[in-house]
Amino acid sequence: DQTEDAAATDLLRGTIGDIGKQLKEKGALQPFDPNLGKGVREKIVLPSGRTKPRGGGGRGGGTQASKNDRELAVLLGEAFVYEYFRIKLPAFDEMAWRSCNRNAYGIEGVGDDSLGFDFSYRDNENRLTGRQDSPLCYIEVKSSSGDGSEPFPMTVNEWEKARYCHQTTDSVYIILRVSHVGDEPKISDVIIDPFGLYGA
């Protein structure tokens with residue numbers, strides 16, 4: 001219910017801001033589903049006419065207002081994941097957040113949007129992946145104001161990082177779908193090893 005400028009200022013306060021407190025509260029109320037993302041998935045099929053991921057990540061085009069809405073949705077999705085995993089996963093902290101949105105949420109340190117992922121986390125207790133080898137997880141957040149069932153774009157950097165993780169034994173690429181980011185954010189889907197699903 002805030003204006004765009006007021007929301008941006010509030011988000012800079014991070015966990016202690018009004019939005020941050022609400023994200024933390026909503027995350028605390030949601031149980032951690034150990035089976036989310038571990039079911040059998042069908043092979044990934046690209047939309048017709050597409051042969052590879054886009055380089056722009058779907059952020060171009062449209063009006064300035066729609067661009068601002070998309071950027072806010074991306075930030076809210078990442079902030080929700082940050083607050084949720086800080087509660088649900090051991091040793092998940094601000095060091096895990098690697099994208100530039102960490103700065104928009106008031107966390108110091110330089111973020112980098114060219115990495116191809118938003119968070120990195122060593123799954124030492126095997127709670128996120130279900131694997132027993134404590135893999136390094138590279139987590140990309142895909143946010144939606146809807147139910148999260150619609151297709152989403154991936155940048156070249158994201159796809160290349162997913163390929164790299166698929167070809168190594170110590171890391172795994174994970175896409176988290178966060179739905180209803182504007183009112184009732186929740187993790188609605190977890191896609192583990194998308195490159196492997198594409199090549200299946």
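Are W97 and F119 buried or exposed? Both W97 and F119 are buried. This report describes a predicted model, beginning with the confidence of the prediction and then turning to rings, helices and backbone angles.

## Confidence of the model

The mean pLDDT of the protein is 87, and 84% of its residues reach 70 or more. Over residues 54-60, however, pLDDT stays under 50. For this segment the model has 15 contacts beyond four places in sequence. Where pLDDT is low, the predicted coordinates should not be read in detail.

## Aromatic pairs and the cluster

How many aromatic pairs does a search of the whole structure find? The search finds 14. One of the pairs is formed by Y84 and F85, whose ring centres are 5.6 Å apart. The planes of Y84 and F85 stand at 40°, a value that lies neither under 30 degrees nor over 60, and the pair is therefore tilted. Y84 has a relative accessibility of 4%, so this residue counts as buried. F85, at 1% relative accessibility, counts as buried too.

A stacked pair is formed by W97 and F119, with 5.4 Å from centre to centre and 25° between the planes. This pair links distant parts of the chain, since its two members are 22 residues apart. W97 belongs to the loop between α3 (64-88) and α4 (101-104), while F119 belongs to strand β1 (residues 119-122). The residues of both pairs are also members of one aromatic cluster, formed by F32, F80, Y82, Y84, F85, F92, W97, Y105, F119 and Y121.

## Charges over rings

Which residue lies over the face of F32? It is R127, at 5.3 Å from the ring centre. F32 is itself a member of the aromatic cluster. A second arrangement of this kind involves K161, which lies over the face of Y138 at 4.1 Å from the ring centre.

## The buried faces of two helices

K161 is also one of the buried residues of helix α5 (residues 156-166). The others are E158, W159, A162 and C165. Seen down the axis of α5, the buried residues fall within an arc of 160°, and they therefore line one face of the helix. Among the elements that cover these residues are β2 (136-143), β3 (171-179) and α6 (194-199).

Helix α1 (residues 4-11) has A7, D10 and L11 as buried residues. Around the axis, these residues cover an arc of only 100°, which means that they are on the same side of α1. Which residues are exposed on the other side of α1? They are D5 and T9.

## Positive phi angles in a loop

Most residues other than glycine have a negative phi. Against this background, two residues in the model deserve attention. N126 is not a glycine, yet its phi is positive, at about 55°. S134 also has a positive phi, near 50°, and is likewise a residue other than glycine.

Where do these residues lie? N126 is in the loop between β1 and β2, and S134 has its place in the loop between β1 and β2 as well. Why does N126 count as buried? Its relative accessibility is 18%, and buried means under 20%. S134 counts as buried because its relative accessibility is 18%.

Conventions. Residues are numbered from 1 along each chain as its sequence is written. This is a predicted model: local features need pLDDT of at least 70, side-chain atom pairs count only at pLDDT 80 or more; totals for chains, interfaces and linings use all residues. Side-chain values use heavy atoms; hydrogens and water are left out. Rings of Phe, Tyr and Trp (its six-membered ring) pair if their centres lie within 6.5 Å; planes under 30 degrees apart count as stacked, over 60 as edge-to-face and the rest as tilted. Buried means under 20% relative accessible area, exposed over 50%, partly exposed in between (1.4 Å probe, protein chains only). Helices (H or I, at least four residues) and strands (E, at least two) are DSSP runs, numbered from the N terminus. A charge sits over a ring if NZ of Lys or CZ of Arg is within 6 Å of the ring centre and within 35 degrees of the ring normal. The arc is that of the directions from the helix axis to the C-beta atoms. Contact means heavy atoms within 4.5 Å. pLDDT is the predictor's confidence in each residue, from 0 to 100.
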